[in-house]
Amino acid sequence: MTTYDYIVVGAGSAGCVLANRLSEDPRHRVLLLEAGGRDLNPMIHIPLLCGVLYPSKMSNWFYNSEPDPNLNNREIFIPRGKTLGGSSSINGMVYIRGHARDYDIWRQTGCEGWSYDDVLPYFRRSEEHLDRTDDFHGTDGAVRVGRGTMKNPLFDAFIAAGQTAGYPFTDDFNGAQQEGFGRYDFTIAKGRRQSTAVAFLRPAKKRPNLDIVTHSHTTRVLFEGRRAVGVEYERMGERIQVHAGREVVLSAGTINSPAILQLSGIGRGEDLAALGVPVVAESKGVGQNLQDHVAVYVQHLCTQPVTFLSMFRPQVAPFALLQAALFGTGVAAAFPLEAGGFVKTRPELEMPDIQFHFLPGLGPDMGGLHTHGFFSNICCLRPESRGWVRARSTDPKIAPAIHTNFLSAPNDMRTIRDGVKILRNVFAQQAFDELRGDEKMPGPDVATDDQLDAWIRETAQTIYHPVGTCKMGMDDLAVVDPQLRVRGVDGLRVADASIMPTLVGGNTNAPSIMIGEKASDLILGRAVLAA
């Protein structure tokens with residue numbers, strides 16, 4: 001077998017960070033395995049076209065959940081990036097870290113070294129913010145981040161309406177105050193997506209000590225006794241084994257990392273027995289604790305031709321895309337999800353439990369390709385519901401079974417229902433008077449709590465932030481310890497969104513990058529950055 005010091009499985013938001021940081025020392029030989037291909041598709045790099053990548057099978061694992069009994073037995077679409085950069089290559093590029101309290105809760109539940117003061121230096125290390133220079137932001141990191149650049153009266157109306165509805169204006173959702181209405185920052189620079197493949201792999205890929213192997217589907221971790229000694233992967237129909245002299249790191253994501261552990265003999269005994277996989281280490285939490293942001297959408301017609309539809313009339317769209325491709329400018333060089341907000345559904349809460357993403361257009365289901373409108377989602381930030389992921393076959397190319405179990409906790413339904421009422425009040429403010437048409441979804445006939453609950457069960461979707469299936473901690477369900485070492489074995493860690501004990505209050509790409517940054521110091525035994 002070919003031998004490396006470190007093998008990283010998965011070139012996603014955290015894996016690309018690790019490949020860069022671990023290979024900075026030329027004495028370390030590093031292998032990065034990615035099941036997808038290279039990020040050569042030009043649609044990856046033009047920000048607007050992520051709307052094409054999400055619903056397509058290009059660069060996408062294209063997962064669907066098992067029928068969810070809490071959502072009228074609907075299967076829920078769960079896109080995950082399958083290319084260099086992983087989901088950072090197909091996401092909406094919103095740069096949100098979550099609330100500071102999220103990380104303090106991690107620390108208080110036993111994850112020493114993961115408080116907000118502990119992780120802020122890693123957020124800063126990864127970031128080159130093009131517009132902010134305060135204590136919350138980095139200016140010389142790998143990922144270029146900037147303010148939204150689109151001009152549209154609907155964005156201004158949404159932010160103004162939030163203020164007249166009683167919420168503060170927030171200039172920086174990653175700064176001193178998250179609560180309020182404002183504009184998002186994005187991982188976009190000069191009209192190009194700043195995926196982790198762009199930010200971390202491009203500078204590192206020519207290093208002679210880093211091998212990047214794409215179209216390589218990891219089948220299992222190899223063990224000698226209870227020590228991970230390598231990885232087996234399949235490429236072009238051939239099974240290949242490689243040796244890790246120091247460590248194997250799984251960064252395959254919230255769906256695939258627990259499935260790989262299960263196929264490697266780490267998991268709940270009953271799950272491994274059902275697969276016929278010999279037990280290497282019993283670990284009750286593998287695949288458990290699945291959490292995701294669930295959302296519904298309130299959609300209105302717009303009385304003025306100022307929406308996304310005007311930007312991309314048939315006679316305009318080709319030129320906008322050409323302008324973005326050639327010069328990195330124009331409306332296609334940004335992503336029109338720029339306005340948003342974080343609010344509390346109840347005043348006694350210590351931090352916001354609802355997030356809004358506002359877009360000046362309608363969804364395709366409401367005629368967005370031919371009708372002027374606008375919408376915002378209502379996202380439950382810290383769901384109490386928990387699902388699970390299980391490998392369903394020893395054939396690693398058969399997708400794992402994903403049991404979302406959304407809205408199984410009554411408080412999650414109440415939070416979304418209250419969020420709909422709050423958003424309806426925002427849209428009723430004076431700032432929208434010259435723009436607001438009829439409410440198309442859920443519509444004026446959906447008014448009572450029972451009617452709202454039925455509509456939520458019929459329409460709720462994920463907004464693609466699954467976490468938690470290899471949770472970090474010290475309790476019986478913890479899969480990794482606060483050093484991200486898989487409990488019960490040696491030489492194996494997990495470093496991706498699956499290690500989050502609880503879901504953070506915001507989009508998950510930035511926290512996943514932070515996890516990769518901190519994991520690299522833990523793996524290399526370097527002193528952690530000072531709080």
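**Notebook: rings, cores and a tail**

I started with Phe-358, which is buried at 0% relative accessibility. Worth jotting down before going on: I'm looking at a predicted model.

Next I asked which ring pairs with Phe-358. I found Phe-155, in an edge-to-face arrangement, with 6.3 Å from centre to centre and 75 degrees between the planes. Edge-to-face fits here because the cut-off for that label is over 60 degrees. Phe-155 sits in helix α6 (residues 153-164) and Phe-358 in strand β20 (residues 354-359), so this pair ties together parts that are 203 residues apart in sequence. I checked Phe-155 for burial too, and its relative accessible area is 0%, so it goes down as buried.

I stayed with helix α6 and looked up Phe-158. Its ring pairs with that of Phe-181: the centres are 5.2 Å apart and the planes stand at 55 degrees, so I noted this one as tilted. Phe-181 belongs to strand β8 (residues 180-183), 23 residues away from Phe-158, and the pair links distant parts of the chain. Phe-158 and Phe-181 are both buried.

Then I wondered which residues the ring pairs link into a cluster. My list reads Phe-155, Phe-158, Tyr-167, Phe-181, Phe-356, Phe-358, Phe-374, Phe-427 and Phe-432. Searching the whole structure gave me 23 aromatic pairs.

I also looked for charges over rings. Arg-29 lies over the face of Tyr-4, 4.4 Å from the ring centre. Lys-82 does likewise over Trp-61, at 4.4 Å from the ring centre.

On to the cores. The largest nonpolar core holds 75 residues, and I wrote down those with the most contacts inside it: Ile-7, Trp-114, Leu-261, Ile-266, Leu-484 and Leu-492. Helix α14 (residues 509-524) gives the largest share of this core, seven residues. Another core lies apart from it, with 55 residues, including Ile-90, Val-298, Phe-312 and Ala-333.

I picked Leu-261 for a closer look. Leaving out residues up to four places away in sequence, Leu-261 touches Leu-250, Ile-266, Val-286, Cys-470, Val-479, Leu-492 and Val-494.

Last stop was Leu-529, in the segment after α14. Is Leu-529 buried or partly exposed? I got a relative accessible area of 29%, so partly exposed is the right entry. Leu-529 and Val-119 are 410 residues apart in sequence, yet their C-alpha atoms are 8.5 Å apart in space. What does Leu-529 touch, not counting residues up to four places away in sequence? I noted Pro-121, Tyr-122, Arg-125 and Asp-521.

Note on methods:
Residues are numbered from 1 along each chain as its sequence is written. This is a predicted model: local features need pLDDT of at least 70, side-chain atom pairs count only at pLDDT 80 or more; totals for chains, interfaces and linings use all residues. Side-chain values use heavy atoms; hydrogens and water are left out. A nonpolar core is a set of buried Ala, Val, Leu, Ile, Met, Phe, Trp, Tyr and Cys residues joined through side-chain atoms within 4.5 Å. Buried means under 20% relative accessible area, exposed over 50%, partly exposed in between (1.4 Å probe, protein chains only). Helices (H or I, at least four residues) and strands (E, at least two) are DSSP runs, numbered from the N terminus. Contact means heavy atoms within 4.5 Å. Rings of Phe, Tyr and Trp (its six-membered ring) pair if their centres lie within 6.5 Å; planes under 30 degrees apart count as stacked, over 60 as edge-to-face and the rest as tilted. A charge sits over a ring if NZ of Lys or CZ of Arg is within 6 Å of the ring centre and within 35 degrees of the ring normal.
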